[in-house]
Amino acid sequence: MERAVPHAVPLGQMEVFQTLQRLHMTIFSQSVSPCGKFLAAGNNYGQIAVFSLSAALSSEAKEESKKPVVTFQAHDGPVYSMVSTDRHLLSAGDGEVKAWLWAEILKKGCKELWRRQPPYRTSLEVPEINALLLVPKENSLILAGGDCQLHAMDLETGAFTRALRGHTDYIHCLALRERSPEVLSGGEDGAVRLWDLRTAKEVQTIEVYKHEECSRPHNGRWIGCLATDSDWMVCGGGPALTLWHLRSSTPTTIFPMRAPQKHVTFYQDLILSAGQGRCVNQWQLSGELKAQVPGSSPGLLSLSLNQQPAAPECKVLTAAGNSCRVDVFTNLGYRAFSLSF
């Protein structure tokens, strides 16, 4: 496995360097392969590691099974976001998105298929791309981040088709309402904005921090995570984690969690969230905390649910953040083991 190390470093110093690198590692992003048997994780050094979930979950798994089958340098800076299509792994860093063929990654080829850069206002602008979102019905990709815009890219042609403008500060997160081609975005300006992809217009704005029951001025107004399920949205960050009814723009449940949350998702009749602290939190829709399951990282930045029907034996929840470990939960009650970057 190739890692970024200084040239001509003696063996002992190289081991020290790699140990320090792991000690200061942050894993920002995860994505499951189309077959459901592999997990990609991207870190702050621009590396992507690919783990074999099927090997790690096997009854004959050894410690080696929990290490990457391949690690490669994907970006010069952090890998902030990743998603997978039927064939490709897409990764985003500072100012660019790249595509990798899953089939080639697993053969340890790891050559980028293409790279694209959204049309920024100046050639000197290299904002981070914090979020990627697939829109399957349109075969498009939405990118958002440091330039305060959402960029739509046609995955067939690679062309950027439109930019959605409205946020006044950088964007942290995206979510898709599948039934109506609408995208939600949340950012540092404290607003969740709803966009109609057919018209490229903003159709709804919820300034979460202006609602007294959600507001936590000491934490700031930023929105760091959001998820949607039909007419419902859950979001959090500086303001409290809150369940909203979108049609009425009404907060219906305030979840009693003090720590800012960085990732949230709907799962069956629960809401799962993670952020500052070691725990993956399980919430009833009513606001009751069902469980807090501790992991190995002091803070969590991403959760990934592997629900690929092709690999039911690999149906797991994985959590990663401020460490070199990816925690694996085979059920929601406890951490089964950790993968090590």
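User: How many aromatic pairs are there in this model?

Analyst: The count comes to four aromatic pairs. Do keep in mind that this is a predicted model.

User: What makes phenylalanine 51 and phenylalanine 341 an edge-to-face pair?

Analyst: Their ring centres are 6.5 Å apart, and the limit for pairing is within 6.5 Å. Their planes meet at 85°, and edge-to-face asks for over 60 degrees, so the pair earns that name. The partners come from distant parts of the chain, 290 residues apart: phenylalanine 51 belongs to strand 3 (residues 47-52), while phenylalanine 341 lies in the segment after strand 28 (337-340).

User: Are those two phenylalanines buried or exposed?

Analyst: Phenylalanine 51 and phenylalanine 341 are both buried. Phe341 also appears in the largest nonpolar core, which has 19 residues; Ile27, Val326, Leu339 and Phe341 touch the most other members. Strand 1 (27-32), strand 2 (38-43), strand 3, helix 2 (53-57), strand 27 (325-329) and strand 28 each give two or more residues to this core. As for leucine 339, its contacts beyond four places in sequence include Phe51, Leu39, Ala56 and Val326.

User: How do you know that cysteine 35 is not in a disulfide?

Analyst: The closest cysteine sulfur to that of cysteine 35 is in cysteine 314, 8.0 Å away. A disulfide needs the sulfurs within 2.5 Å, so this gap is too far for a bond. Cysteine 279 fails the same test, because its closest cysteine sulfur, in cysteine 225, is 16 Å away. A search of the whole structure finds zero disulfides.

User: Why is cysteine 279 called partly exposed?

Analyst: Its relative accessible area is 22%. Buried means under 20% and exposed over 50%, so cysteine 279 falls in between, as partly exposed. Cysteine 35, at 30%, is partly exposed too.

User: What makes glutamate 138 partly exposed, and where is it found?

Analyst: Glutamate 138 has 31% relative accessibility, so it counts as partly exposed. You'll find it in the loop between strand 9 (129-135) and strand 10 (140-145).

User: How do you know that glutamate 138 and arginine 162 make a polar contact?

Analyst: Their side chains are joined at 3.1 Å, and the limit is within 3.5 Å. Leaving aside neighbours within four places in sequence, glutamate 138 is in contact with Arg162 and Leu197.

User: What makes arginine 221 a charge over the ring of tyrosine 209?

Analyst: The charged end of arginine 221 sits over that ring, 4.1 Å from its centre, and the distance limit is within 6 Å.

How values were computed:
Residues are numbered from 1 along each chain as its sequence is written. This is a predicted model: local features need pLDDT of at least 70, side-chain atom pairs count only at pLDDT 80 or more; totals for chains, interfaces and linings use all residues. Side-chain values use heavy atoms; hydrogens and water are left out. Helices (H or I, at least four residues) and strands (E, at least two) are DSSP runs, numbered from the N terminus. Buried means under 20% relative accessible area, exposed over 50%, partly exposed in between (1.4 Å probe, protein chains only). Contact means heavy atoms within 4.5 Å. A polar contact is a pair of N or O atoms within 3.5 Å; within protein, one must be able to donate a hydrogen and the other to accept it, and residues adjacent in sequence count only if both atoms are side-chain atoms. Rings of Phe, Tyr and Trp (its six-membered ring) pair if their centres lie within 6.5 Å; planes under 30 degrees apart count as stacked, over 60 as edge-to-face and the rest as tilted. A charge sits over a ring if NZ of Lys or CZ of Arg is within 6 Å of the ring centre and within 35 degrees of the ring normal. A nonpolar core is a set of buried Ala, Val, Leu, Ile, Met, Phe, Trp, Tyr and Cys residues joined through side-chain atoms within 4.5 Å.
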